[in-house]
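Work through the exercises below with the sequence and the model open. Each task is followed by a solution in steps.

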Amino acid sequence: MPFILDGLDSESYDRNYSDRELLRRISRYFGVYRRKMFAVAAMLTLNSVFGTAGPILISKGIDLVAKDITNRAILLLASGVLLLGVFAWGFNFVRQWVSAQVVGNVVLDIRKDVFQAAVHHDLSFFDEHPTGKIVSRITSDTQDFSNVITLVVDVISQFMLLAILLTWLFTIEVRLTFLVIAMTPVVFLIAWSFRRIARKVTRNAKRVTAKINALIQESISGIMVAKGFRQESAIYETFDKNNRQAYKVGLARGLVMNTIFPVMNLTAGVAIGLIAYLGGLATRGAGISPGNWFLFMQSVWIFWWPMMSIASFWSQFQDGLSSSERVFALIDAEPRVKQMGNNSVGAFRGDIDFRQVNFSYNEKEQVLGNFSLHIPAGETLAIVGHTGAGKTSLARLIARFYEFQDGLLSIDGADIRSLDISEYRNHIGVVPQSPYLFGGSIRNNIRYGKPGADDVMVEDAARHISKGDWIEDLPSGLDSDVGTRGSSLSMGQRQLVALARVL
């Protein structure tokens, strides 16, 4: 399927984790809620006990009916089955309630970690990787991560149920029980064979979702340009092409994941048919009563469902592992801006010295080669040059947004890599050519860099720009809404807000 997977290559920061390593890291997240997990386990145990007691009670009733049981005994039997069902439902409800809390808490925790990791990456990371794909990992993949917890809880439940049923089967008929056990490896072998392909198709499904998200985000962000050049149809054609690819990848995933249970059901059907035949023969003089034969067959039917669930667990688990692999890759991605220390900046003078600096955004093209420049403290410097000469790159290096490859950049005689980044950036103001404004009022955008600033400080900063005349042109003054990305303001007004924000 090479044509289906075009453009679904892994990101440069992706890495392969072993199943053991992924499970170890996943366990850290829901290990914090071990008390609730123990409560879930207790509810699972009680639910399994009361759930399996129903068929046992019915089987005993069948044998009693054969002996002409009274109406009162039948009523008691029916009441007992009803009570067992009510208790089983109650324990299952508590289990589901507590499990939902654990899943919600774990998703909350993992999203905190992955978002914190994302926002602390340097700008080169966001230059290289589309925003939509990063967003997909933070939202969709973290949500799918919760499937891991749900599946683990379910498989614990199935193991408990399996242990109870197996014990009961041995009390009914030892020979038939051994026959059931002899057939289980076949089911596990079938389920295990799906493991690798399940991991592959689920990983591709995650990648194509991220690709679609990135495409939509880019299309919506650039819609004004598209409309200006009448390219709406081109945007749709690109989306349609990628959407069809997503359909094909999703279809392949669906076929694989939805084939596991039918194949195992077919195997289980053959096995149960054989057991039913041999059990029926055993009732004809082999010491098994009709009630016990009914109970055995009921138990076998119940036994095979958790058995298939456990067997298919690892294949279904790959979906959650694929999500966790993508999430952990984003968390573990190495930053390109590497610090040699976190020294305090102290009194900041602003002496800037480039010494034989080499810098490039990628390996293909060098922006600065053996570049040297000294800017004394207090000096105002204008840098001019043709497009692509590296003017913006100098400002970005001084702001420590990017890492240079060779040479030295010192601030007040100290290597910029040895300074505490957060403290250092408190002394720097950057106004980009195309300033970004967050949704909300102009006042809050100016206050963005100093959340504790009061309204007087905000207005003072605003009136330092262009003598404050621009404020009078705003419909609601500094409380005017900027719109999406500043769309309610002109480009000049956005730049004035950005300048006031720096002040």
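## Exercise 1: Salt bridges

The structure, a predicted model, holds 13 salt bridges.

**Task.** Classify the salt bridge between R24 and E21 by its place in the chain and by the accessibility of its two residues.

**Solution.**
1. The closest approach, N to O, is 4.0 Å for the side chains of R24 and E21. The cut-off for a salt bridge is 4 Å.
2. R24 and E21 both belong to helix 1 (residues 19-31) and are 3 residues apart, which means a separation of about one helical turn.
3. An α-helix has 3.6 residues a turn, so residues three or four places apart point the same way.
4. R24 has 40% relative accessibility and counts as partly exposed. E21, with a relative accessible area of 29%, is partly exposed.

**Task.** Find the salt-bridge partner of R25 and state where the two residues lie.

**Solution.**
1. R25 pairs with D332, and the closest N and O atoms are 2.5 Å apart.
2. R25 is in helix 1, whereas D332 is in helix 10 (residues 290-332). With their positions 307 residues apart, the pair links distant parts of the chain.
3. R25 and D332 are buried.

**Task.** Which residues are linked with D455 in a network of salt bridges, and how does D455 contact R447?

**Solution.**
1. The network is made of R443, R447, D455 and D479.
2. Within it, the salt bridge of D455 with R447 has its closest N and O atoms 2.5 Å apart.
3. D455 is partly exposed at 41% relative accessible area, whereas R447 is buried at 16%. The cut-off for buried is under 20%.

## Exercise 2: Helix 14

**Task.** Decide how the buried residues of helix 14 are arranged around its axis, and name the helices they pack against.

**Solution.**
1. Helix 14 covers residues 455-463, and its buried residues are V458, A461 and A462.
2. Viewed down the helix axis, these buried residues fall within an arc of 100 degrees, so they line one face of helix 14.
3. They pack against helix 13 (442-446), helix 15 (469-472) and helix 16 (491-502).
4. At the start of helix 14, D454 places a side-chain oxygen within 3.2 Å of the backbone nitrogen of V456.

## Exercise 3: Two residues with positive phi

**Task.** Compare R400 and D412 by phi, location and accessibility.

**Solution.**
1. Most residues other than glycine have a negative phi.
2. R400 is not a glycine, yet its phi is positive at about 65 degrees. D412, also not a glycine, has a positive phi of about 55 degrees.
3. R400 sits in the loop between helix 11 (391-398) and strand 3 (406-411). D412 is in the loop between strand 3 and strand 4 (414-415).
4. R400 is buried, with a relative accessible area of 1%. D412 is partly exposed, with a value of 24%.

## Exercise 4: Helix 3

**Task.** Is W97 buried or exposed, and which residues form a nonpolar surface patch with W97?

**Solution.**
1. W97 is found in helix 3 (residues 71-119).
2. The relative accessible area of W97 is 56%, so W97 counts as exposed; the cut-off for exposed is over 50%.
3. W89, F93 and V94 join W97 in a nonpolar surface patch of about 500 Å².

**Task.** Where is V106, and how far apart are V106 and F30 in sequence and in space?

**Solution.**
1. V106 lies in helix 3.
2. V106 is buried, at 0% relative accessible area.
3. V106 and F30 are 76 residues apart in sequence, while their C-alpha atoms are 6.2 Å apart.

## Exercise 5: The whole chain

**Task.** Describe the protein by its secondary structure, burial, contacts and surface.

**Solution.**
1. The protein has 16 helices and 4 strands.
2. It contains 503 residues, 42% of which count as buried.
3. Among contacts with a separation of 6 or more, 80% are between residues 24 or more positions apart.
4. The accessible surface is about 27,800 Å². Carbon and sulfur atoms account for 59% of that surface.

Terms used:
Residues are numbered from 1 along each chain as its sequence is written. This is a predicted model: local features need pLDDT of at least 70, side-chain atom pairs count only at pLDDT 80 or more; totals for chains, interfaces and linings use all residues. Side-chain values use heavy atoms; hydrogens and water are left out. Buried means under 20% relative accessible area, exposed over 50%, partly exposed in between (1.4 Å probe, protein chains only). The arc is that of the directions from the helix axis to the C-beta atoms. Contact means heavy atoms within 4.5 Å. A polar contact is a pair of N or O atoms within 3.5 Å; within protein, one must be able to donate a hydrogen and the other to accept it, and residues adjacent in sequence count only if both atoms are side-chain atoms. Patches are made of residues with over 30% relative accessible area and no salt bridge: like charges are joined within 9 Å, nonpolar side chains (Val, Leu, Ile, Met, Phe, Trp, Tyr) within 5 Å. Accessible areas come from the Shrake-Rupley method with a 1.4 Å probe; for residues, only the protein chains shown count as cover.
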